[in-house]
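This briefing introduces the charged side-chain contacts of the structure shown below. Please keep the sequence and the 3D view at hand while reading.

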Amino acid sequence: MSWHGLKKAVNRATTSVMQSAGAVDKTIDREFEEEEKRLKSLENKTDNLHREAKGYLDAVRGMSLAQQRISETINAFYEEGSPLGYAGSQYKLAVTKLDEEARAELDTNYRIAVLDPLGRLAGVFPDFNEARKIRAKKLLDYDRVRSNVRKIVERPSDDPNRLPRAEQELAGSKEIYMHYNTLLTTEIPKLVSMRVPYLDPCFQALVKTQLKFNESAHTKLDAIRTAFPNDGKQLEGQVEDVLSQMRELSICASH
Amino acid sequence: MSWKGLSKAVARLPTRLAQRTGYASETVDQEFLELESQFKRLEGMARKFTEDAKKFKDSLSAMLAHQARFAEMLVQVYRPIAALPNQTPPPGMPRTSIDALEDEVMEEDYRAASGAVSPSKMKPDYPESQAAAEAFAEAMVAAREQLLPDLQVIERQMVAPTNEYIMLINNVKRLLDKRARKLVDYDRHRDSYQKLKNKPDKNLSDEKRLSSLESSLDQATREFNNVDNILKQELPTFIGLRVAFIDPCFQTLYWYELKVVETLHHCFADLCNKHFDMSVTAAQGFDAKYEEMMGMLQELTLAKKGYRRSEYAAGDENADGAEEGEEQQQQQYAASASESRRSEDALPAYEASALPSKATYSATPTALAAFRTPGGSGSSTSQIQPPPSTTPRTTYVIALYDFDGAEEGDLKFKKDDKIEVLERTPDANDWWSGRVKGVTGQFPGYVDRFG
């Protein structure tokens, strides 16, 4: 920490201690607190949104990959003449195609139209928070100088220059503080009110991309329906039967 | 290992070593080896299948969960912001005095005060978007609920059975190990029996040992044959059952996956038809709005700083520490403040003042000057100056999310990695080349943020 930085930090720490002790008046700005509250609320939600969007893409990628690997394994399980061998190879073709599409379209569209804009929006908040922190510091400076002026007024000093000097300083620190305050109180509502128009295209793109992906998956899987013998109703218990057949083998007993 | 097990292992060790070095003969059973390699292949496949089946099911359920939570969060964002009780802030957020204020109280305050809020702060309402978001959330929650039983079927008829299958395979594997051990025993006893038997002049004790060796050999042979026979009989059956095993798993996967995508397809189709203009594709619709969206971001003065800095001072942040970076930012603020207000005359006033804060404010113009012309710095600025650069500056970008690379030559990185940009194009949607952790490669320019 530089020398100024340290000096400022010490000054501010002193001021905030004195404020909590009631020795220095603290500026309470209700209007700003509301804005700040809204900013924080929006920040949390945007971060969550970004996280969920990312999680979705990861899950879809994981699913697509796992499914493709499964189709490979299934084909390896079958040998020539297996009744479901044809279905296995058809399934493999379908999911490979699907995985390619997912990479080429879903992934790209989703990244460009959903993740990237969300990331950009989420990336705005640190800048706002930075400004918020500076404003809080400048406010402390302002409160300190103000109480300093008040003290001089209450107990006039011998030095006639002291009051004008302190007042000048007060004007300066007020101006600096007001600058940040105004900046934030105009910028936060701007950010809050742009959220829906900003996010709407992402939202639409997201839903449309997901529709496309699921539609394509549905079409592809539906097209190979005839390769499967039944409609999936008689599957219950089948795998259990096979497993118990295996369990009956003495080589499968635990040794 | 039991004492018995240990002593057996010790007894087998010399033979194993001798066999490995080719000194002692080892029984080779071609038929069995074939069977064993088939089994090994099956084991490999089964393990892969088990792993992927679990991953598939987990990803599917994660997908549904993320979808539903995204939708829910979107609704929260779309609703007027302060009207909702806040989420708990994520850990690691710096606590400021403002954070410490109780959320509830703040909400109350806001509601109480919102009547008096000036018109500029009234949030525009977006009933249409909000309705779409709410419908989306509802549909996602419904879809998730509807599909959860199906996920359970996938779990019950595919994931759980494969785990069971692996357990059986492990049992067989243990038996195979046992056979291998018994085979060593057999070889060992046979060798010592043969050696003694072929000894040209046997004395009495040799004869006695020979008969005891013979009986050990007999026992070893019996034990080995037992295991060997069982395996030879049953292993083909076990391997043969694999198809019968995979059939129902595969069909479960197919039918339930079909059901999932069908449900989701209808659910999204319904949603899109009700709320969106389907004559444009996702990409078209987004592209049409892209400029507008970026414009909105540009409108934010506070955020623009971040963008502007990336263009001329991206290297600065790397050079100095966080604390100095903060100082510097403050000066940028102060500088922009003075510029925008065109009140240069306000600044000398601080310089004239003799109060402790003087140093801070008086540093502003000097620092700014030094900032613009690296090299010229007064004593007051020396501490807060980033080192003037003499070498070409390196630009870094921070990854916004993970990127695993789609092809050979793609750069791989994790979220928040710092990437050194080697070559970039003006278009952020293009591929740039960069370096991270000493590896050079291509990466999409839109996955990063300057800083």
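## Salt bridges in the predicted model

In this predicted model, B:Glu223 and B:Lys182 form a salt bridge through their side chains, with an N to O distance of 3.1 Å. The contact joins distant parts of the chain, since B:Glu223 belongs to helix α6 (residues 204–275) of chain B and B:Lys182 to helix α5 (residues 127–197) of chain B, 41 residues apart. Over all chains, the structure holds 37 salt bridges. Side chains of opposite charge can pair when their charged atoms come close.

**Between helices α5 and α6 of chain B**

- B:Glu223 is partly exposed, its relative accessible area being 29%.
- Its partner B:Lys182 has a relative accessible area of 9% and is buried, because a residue counts as buried under 20%.

**Within helix α5 of chain B**

- A salt bridge also connects B:Arg190 with B:Asp187, and their closest N and O atoms are 3.6 Å apart.
- Both residues, B:Arg190 and B:Asp187, are located in helix α5 of chain B, where three residues, or about one turn of the helix, separate them.
- B:Arg190 counts as buried at 18% relative accessibility, and B:Asp187 counts as buried at 0%.

**A network in chain A**

- Which residues are joined into one network by salt bridges that share partners? They are A:Lys54, A:Asp58, A:Arg61, A:Asp107 and A:Arg111.

**Between chains A and B**

- B:Arg69 and A:Glu52 meet through their side chains in a salt bridge of 2.8 Å, N to O.
- This pair crosses between chains: B:Arg69 lies in helix α2 (residues 30–78) of chain B, and A:Glu52 lies in helix α2 (residues 30–77) of chain A.
- Is each partner of this pair buried or partly exposed? B:Arg69 is partly exposed, at a relative accessible area of 39%, whereas A:Glu52 counts as buried at 10% relative accessibility.

**Confidence in chain A**

- The mean pLDDT of chain A is 86, and 98% of the residues score at least 70.
- Among the elements of chain A, the highest mean pLDDT (90) belongs to α2(A), and the lowest (81) to helix α1 (residues 3–21) of chain A.
- The helix of chain A with that highest mean value is also the one that holds A:Glu52, the partner of B:Arg69 across the chains.

Definitions and conventions
Residues are numbered from 1 along each chain as its sequence is written. Chains are lettered from A and ligands numbered from 1 in the order in which they are written. This is a predicted model: local features need pLDDT of at least 70, side-chain atom pairs count only at pLDDT 80 or more; totals for chains, interfaces and linings use all residues. Side-chain values use heavy atoms; hydrogens and water are left out. A salt bridge is a side-chain nitrogen of Lys or Arg within 4 Å of a carboxyl oxygen of Asp or Glu. Helices (H or I, at least four residues) and strands (E, at least two) are DSSP runs, numbered from the N terminus. Buried means under 20% relative accessible area, exposed over 50%, partly exposed in between (1.4 Å probe, protein chains only). pLDDT is the predictor's confidence in each residue, from 0 to 100.
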